[in-house]
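Here are a few notes to read alongside the model. Keep the viewer open and follow each point in turn.

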Amino acid sequence: MLKQITVTVNGAQHTAEVEPRLLLVHLIREVLNLTGTHIGCDTSSCGACTILLDGKSVKSCTMLAVQANGKSITTIEGMIQDGQLHPLQEGFKENHALHCGFCTPGMIMRASELLANNPNPTEEEIRWGISGNLCRCTGYNNIVKAIEYAGAKMRGEETASTEPQFV
Amino acid sequence: MGHSMKRKEDARFIQGKGHYVDDIKLPGMLYMDIVRSPYAYAKIKNIDSEAALKVPGVVAVVTGRDLEKYNLHWMPTLMSDTQMVLPTDTVMYQAQEVAAVIATSRYAARDGREAVKVEYEPMKPVMDPYKSLSPDAPVLRSDKPGKKDNHIWHWEVGDKDKTAQVFANADVVVKEQMYIPRIHVASIETCGCVADYDKVNNHLTMYMTTQAPHAIRTVIALVAGHVGLTEEKIRVISPDIGGGFGGKVPVYPGYVIAIAVSFLVGAPVKWIEDRSENLQADSFARDYHITAELAGTKEGKILATRFKVLADHGYTDAAANPSKFPTGMFSIATGSYDYGTAYMEADAVYTNKPPGGVAYRCSFRVTEAVHAIERITDRFALEIGKDPAELRMENFIKKEDFPWKSPTGWTYDSGDYVAGLQKAMDAIDYHGLRKEQAEKRAKGELMGIGISTFTEIVGAGPSKDFDILGIKMFDSAEIRVHPTGKAIARFGTKSQGQGHETTYAQIIAEELGIPAEHIQVEEGDTDTAPYGLGTYASRSTPTAGAAAAMAARKLRDKARKIAAYLLEVSEADLEWEPGKFSVKGAPEKSKTIQEIVFAAYTNHPQGMEAGFEATHYYDPPNLTFPSGAYICVVDIDKETGGIHVRRFVAIDDCGHIINPMIVQGQVHGGLTQGIAPAMYEELIYDEAGNILNGTLMDYLVPTAVESPRWETGHVVTPSPHHPIGAKGVGESPTVGAPPAIANAIVDALSPYGITHLDIPITPFKVWKALKDKGAI
Ligand code: FES
Ligand code: FES
């Protein structure tokens, strides 16, 4: 039995007939073809599927599409505005905060809510704040740096050097 | 030192425009799901597909019996062992593939999977590799005619008798039994493929998560050539890969089944494993039981080492080592130290665990070797009461002794171990820490400092010794420069996040003077890229990176000829500086590389081939030997066993550095994959063969909280035999970090008589060790 839902994704409204059991991540990836949102696990552990749902970061593998009915979703594809990268996108690139890029969309979406709630987080707060998102490649140092960079930029402050620091 | 150019590939990844295998959608594409065995060892009595076939959307259920008709039910492993694609009568490990369900959607395939009924007759599995060798153990590989036990191979290197003699006469002998546990790479993207067989043209396009697309094409041709899929009919495309670390080198049954099904039904078939399948069935890493011994003098001179390994390979030897090296590069286990005598032996056995023996961000078993030597060296220091830094300093191979011949037959290219350790000690204030530690010890507090000064062995490898399934381990680069002076370069390797699109462009830019921004790098399509063995074992920069430099140099030679022609001088009168040739003594008379390239298409000398392209297949003369000096400081809570990594300094020597930012990023990531097995990760099985932590809920991949803030630096001793002096770096930190952490923890606990703990060292292990020693 299919159910009709309407969701706003990155500002555009979509109506779809979906199976009640369809996961939100599959709606996004396979029905709406927004493949920037990734799947890295089957236990809500990795955060690769993180999106914003009415401004809150959620793991879209952990929700049904029907639960998103009437809600507004932002995915990584919606972060670029008027051709301008979001400060987090810029921060990730400038600080080499990604290797394979598979965790990156989820990390960025999670970090965007983190910064919305806490515009000037400490390193410790950032680390705990992204602890629901796994990255297997980068060792997290530069992800922390990227989020600090974006925070500074969003606060209108000078951003720190993005050159690698060595002992 | 190179330039920290920002990565070219990032633009697509930060915008969600990466193109990974699960993003591929083809018209008419079917989805495959796999029925897996709940038992570690069982006879299959019956597979009933009837209910599954009635599930809406299910088009087929494929079993081993179906594949048997086409002789596709078995496949070779990279180590020339054999592996079932789908079983016809016996399952050999939990989560083994039993049948495949093909359907029109992902969900229907899963429904079908749930509806397949398999009747098993469980048998008692062999889970302990030592018991597997006992005479009364059942012979697991009864499919092999004449096989009478579970032993796979024996390997040894070094001088057994001389080593025994040194041990017999030594003042001090230390010995520890170590287990390097079974772990899993757990790249955040799992494995998968889309097999697209086109019946009309008898052509297969295989999109798959592979680190070695060319080798895979050859393997597919070897497996499926007999049904008409010969190598020119196969195109393997490795799209963006979400992390590999060695886990995407092997050919998994799922890939082969997808190809077989696409071939039989004539439609594209997608198979994407889920995380639990990935952890439970895909190749594991490590699983070495090591008896490590060291003989030395009371003063602290290392005289000899002896290592005995028992390798648990699971159901088949599906390791990914060069053919002649069943234990990979384990024989690097004499480490960074100058002594003349060593002996190593290893035996491999079958058990009822999943097959594998791949890397985990490590060059062919180097991590196991480094753990053994670095732990036993610390054990020796503890035994004679000598500072482990001082002991290492005194035993290091000296900078002037390179190239250095190791007692197990390697020729180390270059290094400066003293400088590395000194730099690490200065950065972390080693002596200050030792003072602090003494004060803390006096108060009964637990603080530990651990060192690891390791030598890696990467860049496989020279064709005289290195091959996989007979294919030599060269790698390749092809550069085409377009008339307007912009280039495309293609390689036999395949990035999984290492940043090849940037690094290779930088190498070519440095050699040819074309800006890196104007060099497009492409990998992963066997129809367009030159043949190569792929990316793993830190081999890309040592092999394909070298090939890039060599191909660029061929082009520079051609450019010189064209410049001489254009400037009407002899070649010898020309001088090269990056980007142009000018006439010696008359620098105003010059031609830029762009002008020269344009001439190669518009005005080339008569008798010369037009165009501006070069290909190079680089066969390295030797391996490269990156090294590192790592120091870790831990604080331990005596009451709970909780371990806090306070600081970690990593000084790496990967030779000439092309992009310091990328190198540092690799080191950060590798360090987190070093702390992972040191403190968190292990695949655990019970006696009945069940995996106890086969999901990401309980297999503990470190988050940003567990991962310390890494401090990194380097010393640089260029590789003398590599065209640009680079050595490779992706894996050094994963190799070097675990013993630094283990040594730090044992150092903290050593006042209570604790001399060794196996990794992963968890709070519980620490607490228990302290309890057992009566310390709490
Ligand atoms: S896919 Fe892993 S948390 Fe959603
Ligand atoms: S960049 Fe590969 S998982 Fe984070």
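1. A bit of vocabulary before we start: two strands count as paired if DSSP finds at least two bridges between them. Helices (H or I, at least four residues) and strands (E, at least two) are DSSP runs, numbered from the N terminus. With that in hand, look at strand 32 (residues 643-653) of chain B, which pairs with strand 33 of chain B in the parallel sense, over 4 bridges. In strand 33 of chain B, E711(B) is the bridge partner of V649(B).

2. Some housekeeping. This is a predicted model, where local features need pLDDT of at least 70 and side-chain atom pairs count only at pLDDT 80 or more, while totals for chains, interfaces and linings use all residues. Residues are numbered from 1 along each chain as its sequence is written, and chains are lettered from A and ligands numbered from 1 in the order in which they are written.

3. Where do strands 32 and 33 of chain B sit? They belong to an open sheet of 4 strands in chain B, with the order 21-31-32-33 and mixed pairing. Strand 21 (446-455) and strand 33 (711-714) of chain B are the edge strands, each pairing on one side only. On average, neighbouring strands here are turned by 15° against each other, direction ignored (axes are lines fitted to C-alpha atoms, for helices over the stretch in contact, and angles run from 0 to 180 degrees between N-to-C directions).

4. Chain B also has an open sheet of 3 strands, order 6-2-8, with antiparallel pairing. Strand 6 (90-91) and strand 8 (117-122) of chain B each have a single partner strand, so one side of each is left without a neighbour in the sheet. Strand 2 (residues 42-48) of chain B pairs with strand 8 of chain B over 6 bridges, and A42(B) has P122(B) as its bridge partner.

5. Now helix 4 (residues 106-115) of chain B. Which of its residues are buried? A108(B), A109(B), G112(B) and R113(B) are (buried means 20 or more other C-beta atoms within 10 Å of the residue's own, with C-beta atoms placed from the backbone). They cover an arc of only 145° around the axis, which puts them on the same side of helix 4 of chain B (the arc is that of the directions from the helix axis to the C-beta atoms).

6. Last, the contact between the chains: 53 residues from chain B and 47 residues from chain A take part (contact means C-beta atoms, placed from the backbone, within 7 Å). Helix 17 (660-680) and strand 33 of chain B are among the elements giving two or more residues to chain B's side, and the largest share, 9 residues, comes from helix 17 of chain B.

Note on methods:
Two residues are in contact if their C-beta atoms, placed from the backbone, lie within 7 Å. A residue is buried if 20 or more other C-beta atoms lie within 10 Å of its own, exposed if 12 or fewer, and partly exposed in between; C-beta atoms are placed from the backbone.
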